[in-house]
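Work through the following exercises with the sequence and the structure at hand, and compare each result with the solution beneath it.

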Amino acid sequence: MAARIVEVEAYASDDPASHSYRGRTARNAVMFGPPGHLYVYFTYGMHHCMNVVTGRLDEGNAVLLRAAEPLQGIDAMRRRRGRTSLHELCSGPAKLCQAFGVDRRMDGWDLVHGSEMWLLEGEPVSAETGPRVGIRVGLDRPWRFRAEGNPFVSRARAGR
DNA sequence: GTATTGATCTTCT
DNA sequence: GAAGATCAATACA
């Protein structure tokens with residue numbers, strides 16, 4: 001399976017909206033680990049979201065992967081996600097995890113030297129920024145980035 | 001078409 | 001005990 005990341009949000013340890021804001025806990029320990037690792041957390045009782053650690057050791061900075069464009073293994077994604085349109089396979093952080101079968105067992109995986117899941121360098125794209133989604137604090141930081149003109153980004157819901 | 005709400009559980013207060 | 005980096009089904013126009 002492969003997908004191009006088209007939408008992300010940045011979270012820093014001095015950011016009240018970040019899990020790492022209140023310091024290191026059992027859940028977010030990975031965020032304070034070495035960069036290039038995967039941080040997976042469970043939320044709303046039924047959804048997983050995944051981040052890539054970007055800060056140095058002990059910094060607690062990471063980037064939330066919000067949406068991706070399916071490239072390969074679309075059949076496998078459909079099997080996990082159910083019968084759905086191509087656009088909706090990865091158009092959201094929890095959908096992305098479901099499509100890739102990511103759960104907490106993968107928390108802490110090395111995405112640089114890993115053998116089962118890893119990151120590749122993509123083509124440069126122009127990005128547009130905007131406010132982050134689903135948080136109540138830290139709204140003054142427009143740290144949401146998405147590939148300009150790409151139809152595979154998550155759909156903005158009315159009222160946000 | 002858009003708006004509202006239920007599902008459901010880990011983590012921190 | 002409460003809130004949460006959400007999604008999908010349902011209700012309404």
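**Exercise 1.** How many bridges join strand 1 to strand 4, and do they run parallel or antiparallel?

**Solution.** This is a predicted model. Begin with strand 1, residues 2-11, and follow its pairing with strand 4: nine bridges join the two, and they run antiparallel. As a specific pair to locate, take Ala 2, whose bridge partner in strand 4 is Gln 72. Then turn to strand 6, residues 144-147, which is joined to strand 1 by three bridges and also runs antiparallel to strand 1; here Val 8 has Phe 145 as its bridge partner.

**Exercise 2.** Determine which residues surround DNA strand C, and which of its atoms come within 4 Å of the protein.

**Solution.** Counting the surrounding residues gives 22, of which the closest are Tyr 41, His 47, Asn 51, Lys 95 and Gly 134. Of the atoms of DNA strand C that come within 4 Å of the protein, sugar and phosphate account for 52%. Sorting the residues of this surface by character yields 10 nonpolar, six polar and six charged.

**Exercise 3.** Find polar atoms of Tyr 44, Arg 66 and Pro 93 that lie close to DNA strand C, and name the elements that build the surface there.

**Solution.** For Tyr 44, a polar backbone atom is 3.4 Å from a base nitrogen of DNA strand C. For Arg 66, a polar side-chain atom lies 3.5 Å from a phosphate oxygen, whereas for Pro 93 a polar backbone atom is 3.1 Å from a phosphate oxygen. The elements giving two or more residues to this surface are strand 2 (38-43), strand 3 (47-53), strand 4 (62-72) and helix 2 (93-100), with helix 2 providing the largest share, three residues.

Technical notes
Residues are numbered from 1 along each chain as its sequence is written. Chains are lettered from A and ligands numbered from 1 in the order in which they are written. This is a predicted model: local features need pLDDT of at least 70, side-chain atom pairs count only at pLDDT 80 or more; totals for chains, interfaces and linings use all residues. Side-chain values use heavy atoms; hydrogens and water are left out. A residue is near a molecule or strand if one of its heavy atoms lies within 4 Å of it. A polar contact is a pair of N or O atoms within 3.5 Å; within protein, one must be able to donate a hydrogen and the other to accept it, and residues adjacent in sequence count only if both atoms are side-chain atoms. Helices (H or I, at least four residues) and strands (E, at least two) are DSSP runs, numbered from the N terminus. Ala, Val, Leu, Ile, Met, Phe, Trp, Tyr, Cys and Pro count as nonpolar, Asp, Glu, Lys and Arg as charged, and the others, Gly among them, as polar. Two strands pair if DSSP finds at least two bridges between them.
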